[in-house]
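Q: I have a model open and want to talk through its side-chain contacts. Can you take me through them?

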2 protein chains.
Amino acid sequence: MSKQKGRLTVPTDIDMIGETVRIIDYWGGDAIRDCDGTVMPDELKSLDVKKYATYYTTRKDNDWARKNPDEIQQVYIMSQFESASSDELRISIMKYIYKDLLQPNTNDDMSKWWEVIDRTTGEIVAFEDWSYDEATQEVVIRNAIPFHAYTVSFLAYIIWDPVHMYNAITNDWKDEEHQMTYDVRQPKTQAYVIDKFKRYLKENPEIDVIRFTTFFHQFTLIFDEQARESFVEWFGYNASVSPYILEKFEAWAGYPFRPEFIINKGTYNSQFVIPTKEFKDFMEFQQIEVSKLMKVFVDATHEAGKEAMMFLGDHWIGTEPYGKYFKEVGLDAVVGSVGNGSTLRIISDIPGVKYTEGRLLPYFFPDTFHEGGDPLHEAKVNWVTARRAILRKPVDRIGYGGYLKLALEFPEFIDYVKEVADEFRELYDKVNQVQPYCVPFKVYVLNSYGKLRSWGAHMVHHAIPYEDNYGYEGYLEALSGLPVDIEFISFDELLERQDVLDTPGVILNVGDAYTSFSGGEYWKNEAIVTKIRQYIYQGNGFIGIGDPSAYQKEGHYFQLYDVLGVDKEVGFTLSHDKYNWDEHEHFITKGLPETLNFGNKVQFAYADRDTTVIKTTGKSVNLAVHNYGKGRAVYMSGLPFNFENTRLLYRSLFYAAGKEDQIEEWYADNYNVEVNMYPSTSSYCVVNNTYEKQEATVFTTNGQTHKVELEPTEIKWFTV
Amino acid sequence: MSKQKGRLTVPTDIDMIGETVRIIDYWGGDAIRDCDGTVMPDELKSLDVKKYATYYTTRKDNDWARKNPDEIQQVYIMSQFESASSDELRISIMKYIYKDLLQPNTNDDMSKWWEVIDRTTGEIVAFEDWSYDEATQEVVIRNAIPFHAYTVSFLAYIIWDPVHMYNAITNDWKDEEHQMTYDVRQPKTQAYVIDKFKRYLKENPEIDVIRFTTFFHQFTLIFDEQARESFVEWFGYNASVSPYILEKFEAWAGYPFRPEFIINKGTYNSQFVIPTKEFKDFMEFQQIEVSKLMKVFVDATHEAGKEAMMFLGDHWIGTEPYGKYFKEVGLDAVVGSVGNGSTLRIISDIPGVKYTEGRLLPYFFPDTFHEGGDPLHEAKVNWVTARRAILRKPVDRIGYGGYLKLALEFPEFIDYVKEVADEFRELYDKVNQVQPYCVPFKVYVLNSYGKLRSWGAHMVHHAIPYEDNYGYEGYLEALSGLPVDIEFISFDELLERQDVLDTPGVILNVGDAYTSFSGGEYWKNEAIVTKIRQYIYQGNGFIGIGDPSAYQKEGHYFQLYDVLGVDKEVGFTLSHDKYNWDEHEHFITKGLPETLNFGNKVQFAYADRDTTVIKTTGKSVNLAVHNYGKGRAVYMSGLPFNFENTRLLYRSLFYAAGKEDQIEEWYADNYNVEVNMYPSTSSYCVVNNTYEKQEATVFTTNGQTHKVELEPTEIKWFTV
């Protein structure tokens with residue numbers, strides 16, 4: 001028997017009636033749900049739990065799609081780069097694209113909606129100089145310049161919903177009809193879908209929660225000819241387009257649309273690319289339109305006496321929970337996939353909804369739940385990291401998705417989920433609606449996206465590290481469980497808002513040079529450089545990780561070289577001798593192991609004379625601190641997530657803020673142990689983040705300490 | 001007794017009369033020389049050997065310097081970057097500069113020859129807004145913009161010759177008067193120095209060779225306040241300036257001079273920086289003027305019946321042996337410091353002189369020749385690498401410099417030099433004036449400097465590796481001993497010369513992104529990209545090391561991504577999946593160890609689908625090959641020098657050239673063993689480059705082979 005019941009959603013299926021009842025009882029569930037590929041059995045509709053129904057506004061109606069081929073959803077795609085070797089060049093536009101996924105749109109005016117670009121010069125090739133050969137799916141360029149490279153940007157119909165395709169392939173669904181997607185933004189389909197939705201609401205009185213999966217536009221997800229994922233951008237807007245929408249955009253924006261606004265040299269405006277004005281305009285326009293239409297569905301849901309829950313995934317593009325328009329929609333809840341602490345915070349920090357739900361991993365799909373798979377391990381890693389974030393800002397519910405049948409094959413996993421559910425409920429009772437203690441200064445995360453990409457910055461996939469990015473994701477994961485008050489701010493806000501740095505604090509700037517996250521060309525703007533220098537000079541802090549403020553200009557690579565006391569050797573100053581390489585003991589590494597993991601990027605950073613170097617690898621500084629006026633800076637070459645680095649970041653924040661004398665408040669001397677304090681309930685907990693026993697001296701307040709011993713992953717609660 | 005005598009220069013000193021005679025006999029020397037700090041004893045002037053006299057045109061006459069303070073040599077220096085925190089900023093211009101080295105020039109018009117720059121905007125600060133406080137050596141900027149950074153570019157007199165200072169400090173010379181340098185380009189000093197030189201020639205009939213150390217302008221060498229080297233650019237022109245020279249330059253160039261032409265954002269036009277038009281103009285102007293004046297000295301030397309030898313070092317700036325004007329000077333010889341194979345080739349490849357001499361390392365100075373020092377080891381490493389280059393293109397003589405007395409303390413070293421001298425003479429007899437076998441295609445080394453920096457590209461110091469550069473120097477060191485016909489070409493030549501790629505071959509492009517060596521902004525020029533693509537497409541080769549053709553543009557970082565089949569992930573395409581990571585066996589790594597050293601730069605290079613990946617480190621390609629039309633490309637992430645990598649480069653050249661069926665000609669299957677063949681003498685040698693025994697199968701010609709066993713460092717000669 002579970003200690004408590006509730007706050008837990010369990011997936012069910014047509015052939016899992018008894019099992020669902022048993023699991024609900026064992027785990028203490030209070031809601032059941034269907035999933036893509038599963039069906040909620042009628043026998044469970046009378047069960048005394050909430051029923052969630054996944055609802056797809058854009059698919060699962062191939063009849064409609066077939067009858068309205070012009071309103072099938074579309075995506076902007078760029079061909080491969082092809083170099084001419086003579087004055088005729090044929091570009092096979094569907095090369096390396098899964099043929100059942102997309103179909104080029106030749107119905108609309110190609111001269112307006114397609115674009116052939118000479119990528120050697122950046123110039124558009126005149127429509128007179130190219131044509132499309134439908135039989136071979138080739139664009140034929142005449143008067144090509146030999147040894148120039150060309151690309152074709154084109155619109156294609158999404159003839160198989162990419163998530164449905166992913167699910168079908170992952171689950172090896174046989175003879176599954178490919179679900180097409182239709183564009184709910186277009187009037188004919190919109191009227192049809194809304195009407196159909198209203199009928200559904202009437203016909204399903206037993207459903208309590210409409211779980212929209214999701215609304216109208218899929219994040220960008222493309223598969224190659226071998227059905228392997230070839231492009232994925234969870235924040236991508238490529239599949240939110242159609243001539244209908246783009247003509248509306250033109251009218252709204254007041255300037256003509258170009259495919260390049262979406263294609264952006266083939267990067268598809270990956271969030272690592274500094275967003276252009278046109279792309280920012282397009283995101284804004286889409287948010288306005290999407291939120292208006294979302295409201296229609298949400299209002300209908302409410303009129304039917306049900307709750308409206310949005311899944312933060314699949315067709316979520318344009319909803320932008322951290323954007324300006326989301327809270328006006330009136331959604332009751334958001335549910336999303338939780339891979340670790342930062343992905344939990346993506347969900348739990350969303351403003352303007354009544355509750356949030358974290359769908360924990362692993363998903364019950366055969367990619368994990370197969371013979372030899374280790375779902376238990378995945379669940380444990382997932383939970384320990386997610387738990388850190390829950391203790392700061394909890395989701396209101398947790399849940400699982402996929403095939404219950406698969407999970408039942410792993411009894412240890414089933415038992416572990418029971419533990420997780422019980423612990424979640426216990427934690428939730430203690431921390432829900434309770435403002436936890438925060439450090440006495442603000443933490444600003446500065447990048448090109450600011451609030452809009454809260455907690456999702458640097459994320460290629462949910463919680464999947466990339467070798468060339470994992471040294472940057474670590475700071476966000478660390479922050480997701482630290483007692484800090486975070487504000488995500490953008491460079492544009494720095495330029496536009498007078499009040500943006502109005503609180504004492506520490507600015508973080510993290511990422512590779514020239515990416516949206518470190519900021520690239522924003523750093524050539526003197527207004528940004530002077531504003532930040534002034535803020536720090538006056539007694540605030542700056543932490544730069546990787547290539548902070550990088551933009552080669554006037555003899556420096558890091559434009560805040562004077563603040564950081566560190567710059568990067570990119571070749572131009574090799575003839576300048578550098579002598580500051582000795583490592584020093586320092587406050588920020590106190591209590592940490594001698595060897596720390598700064599990731600796998602050798603930055604060739606070097607320190608000025610008055611900089612205190614703390615860690616180096618050969619002639620490359622990994623960690624250094626520097627004074628600037630009354631303020632301080634910390635440089636780190638990288639910061640992969642682990643508990644040592646989390647502690648390093650925490651100590652660095654205090655040092656940068658000039659508050660190192662205040663760190664020993666609600667603090668443990670063992671970096672594997674963290675303390676969360678809740679002033680309004682006069683309670684605090686001491687958390688073992690590891691799967692080993694830990695001991696720690698806990699610093700409470702006013703210099704008081706006590707020793708704590710913790711079992712693996714144990715949390716101990718205390719009252720002040 | 002030495003096997004032979006000759007081709008060797010021995011340093012002597014006033015207190016080394018008997019020892020010099022003994023060493024000349026033991027080593028088989030045929031020339032003696034004095035050095036900075038030593039004196040040739042009168043007793044040896046009748047010895048039957050050639051006598052070299054170092055001659056300093058610009059120093060060793062402090063009386064003249066003191067009487068003509070306005071003609072003391074000058075250098076352009078930039079202050080530290082200083083950020084303003086209010087509207088007044090004081091910049092201490094001599095901060096971190098050794099005070100006895102330089103003295104700011106306040107005699108000439110500061111409004112013209114100094115420059116204060118707002119480095120946050122790049123704008124010049126008007127002269128009205130700043131002044132110089134001579135008492136505090138500070139520039140005071142009024143109306144500074146808070147939190148902008150400023151620098152001061154200023155002219156300073158070189159009141160201690162930097163090489164004399166280096167020698168004095170290294171040798172701990174006490175009470176040595178600091179030698180000042182005077183500017184031989186200025187008429188008053190010029191007349192005086194020429195007259196004095198002519199008197200010297202008359203007064204020293206026993207001297208056979210005037211060894212100019214050197215001519216007029218010191219390479220850039222600055223020391224900090226602790227007398228540590230703070231900037232060294234062996235190719236630097238900063239110390240070749242004065243208002244007199246710069247006004248002439250203005251007249252020649254037809255546009256006004258700016259200090260920034262020399263300062264270039266504080267990089268001082270390090271050879272890693274792509275040279276600006278103005279800097280190229282200035283180098284050209286200096287070569288014209290310097291070569292004219294050199295000729296005056298050389299002609300006088302010849303009139304006195306002596307030989308004129310130039311030391312390639314110290315005041316060599318503007319002589320440019322690989323420039324257009326050098327050969328018109330009529331020098332008899334060049335001598336220079338040899339640190340390895342590539343620095344030997346810098347000397348031995350110089351056109352337009354009768355003979356060349358390599359001054360081998362170590363120099364007999366106490367930095368190496370002290371108790372506990374290991375000059376023998378240094379000599380061995382030096383000789384084995386230099387020898388590879390000698391077998392391709394020998395210098396005509398070798399020699400040593402410094403204090404003979406110090407070397408005599410190391411008898412093993414003295415014995416080893418005898419071996420070196422004998423082996424050099426033996427090799428010289430066999431390879432002098434004999435054209436060695438070369439591979440059947442040309443090797444082009446493409447960078448911003450071309451021929452002008454032949455063999456010196458990527459070199460910060462003579463043969464001293466830098467952690468962030470050693471992965472790039474290796475290809476030149478490898479090439480210095482390989483049987484290849486090399487042409488160094490510049491991007492400007494690619495644009496200007498029609499015939500520049502007229503021979504079948506392989507282009508090498510090597511270096512960090514945006515440096516002069518990889519080429520940076522040249523790669524945005526479509527004429528360069530198309531010319532190279534066409535050349536390769538037609539059946540030639542390309543080898544890129546590090547960041548070849550790197551310039552972020554139109555969606556790619558490597559602008560020859562299509563040729564290389566490789567690009568670098570700098571963040572913008574993280575959302576594109578990459579699958580080509582499997583390593584493959586390949587022709588170019590045949591016979592090499594499984595693990596190769598590609599240096600310490602993780603390039604995050606990834607390969608296209610049709611690229612053959614050969615070596616990776618995690619998700620980063622180290623080595624890959626790719627077809628392009630009838631041509632081929634090889635990508636390497638780095639190539640530090642060692643014998644495995646030398647072999648890897650050699651095999652890569654054949655593969656890229658499409659001639660892999662021809663590699664087994666004058667070739668050994670053991671990468672520690674090399675074969676050099678001399679068709680005109682029908683002889684070839686098999687060389688063991690290591691200090692261990694080696695065995696190898698040697699491929700001669702027409703598929704014939706034989707086995708060879710070699711003692712450590714042994715060379716065996718055979719006749720065809």
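The chat below goes through the chain contact, the salt bridges and the rings.

Q: What kind of model is it, and which pLDDT limits apply?
A: It is a predicted model, where local features need pLDDT of at least 70, side-chain atom pairs count only at pLDDT 80 or more, and totals for chains, interfaces and linings use all residues. Residues are numbered from 1 along each chain as its sequence is written, chains are lettered from A and ligands numbered from 1 in the order in which they are written, and side-chain values use heavy atoms, with hydrogens and water left out.

Q: Interface first. How many residues does each chain bring to the contact?
A: Chain A brings 64 residues and chain B brings 65 residues. Contact here means heavy atoms within 4.5 Å.

Q: And how much area do chain A and chain B bury?
A: About 5,700 Å² between them, with 55% of it on carbon and sulfur atoms. Buried area is the accessible area (1.4 Å probe) that two parts lose on being put together, summed over both.

Q: Which residues in chain A lose the most area to chain B?
A: A:Phe147, A:Glu554 and A:Arg609. Together they make up 14% of what that side buries.

Q: How many salt bridges cross that interface?
A: The rule finds six across the interface of chain A and chain B. A salt bridge is a side-chain nitrogen of Lys or Arg within 4 Å of a carboxyl oxygen of Asp or Glu.

Q: What does A:Arg609 pair with?
A: B:Asp224, with the closest N and O atoms 2.9 Å apart.

Q: How many residue pairs are in polar contact there?
A: The rule finds 30 across the interface of chain A and chain B, both residues at pLDDT 80 or more. A polar contact is a pair of N or O atoms within 3.5 Å; within protein, one must be able to donate a hydrogen and the other to accept it, and residues adjacent in sequence count only if both atoms are side-chain atoms.

Q: Any charge over a ring? Where does B:Arg228 lie?
A: B:Arg228 lies over the face of A:Tyr579, 4.1 Å from the ring centre. The rule wants NZ of Lys or CZ of Arg within 6 Å of the ring centre and within 35 degrees of the ring normal. In chain B, B:Lys418 lies over the face of B:Tyr26, at 5.6 Å from the ring centre.

Q: Back to salt bridges. How many over all chains?
A: The structure holds 102. One of them joins the side chains of A:Lys280 and A:Asp492, at 2.6 Å from N to O.

Q: Where do A:Lys280 and A:Asp492 sit in the chain?
A: They link distant parts of it, 212 residues apart. A:Lys280 is in helix 8 (residues 277–303) of chain A, and A:Asp492 is in helix 14 (residues 491–496) of chain A. Helices (H or I, at least four residues) and strands (E, at least two) are DSSP runs, numbered from the N terminus.

Q: Is A:Asp492 buried or exposed?
A: Buried, at 16% relative accessibility. A:Lys280 is partly exposed, at 27%. Buried means under 20% relative accessible area, exposed over 50%, partly exposed in between (1.4 Å probe, protein chains only).

Q: What about A:Lys295 in helix 8 of chain A?
A: A:Lys295 forms a salt bridge with A:Asp299, the closest N and O atoms being 3.1 Å apart. The two are four residues apart in helix 8 of chain A, so about one helical turn separates them.

Q: Which residues form a salt-bridge network?
A: A:Lys442, A:Glu487, A:Glu493, A:Arg497 and A:Asp499 are linked in one.

Q: Now rings. How many aromatic pairs?
A: The count comes to 126 over all chains. Rings of Phe, Tyr and Trp (its six-membered ring) pair if their centres lie within 6.5 Å; planes under 30 degrees apart count as stacked, over 60 as edge-to-face and the rest as tilted.

Q: Why is the pair of B:Trp455 and B:Phe488 edge-to-face?
A: Because the planes stand at 75 degrees, with ring centres 5.4 Å apart. B:Trp455 is buried at 2% relative accessible area, and B:Phe488 is buried at 5%.

Q: Last one. What does the side chain of B:Asp61 contact?
A: It makes a polar contact with the side chain of B:Lys196, at 2.7 Å. B:Asp61 is buried, with a relative accessible area of 10%.
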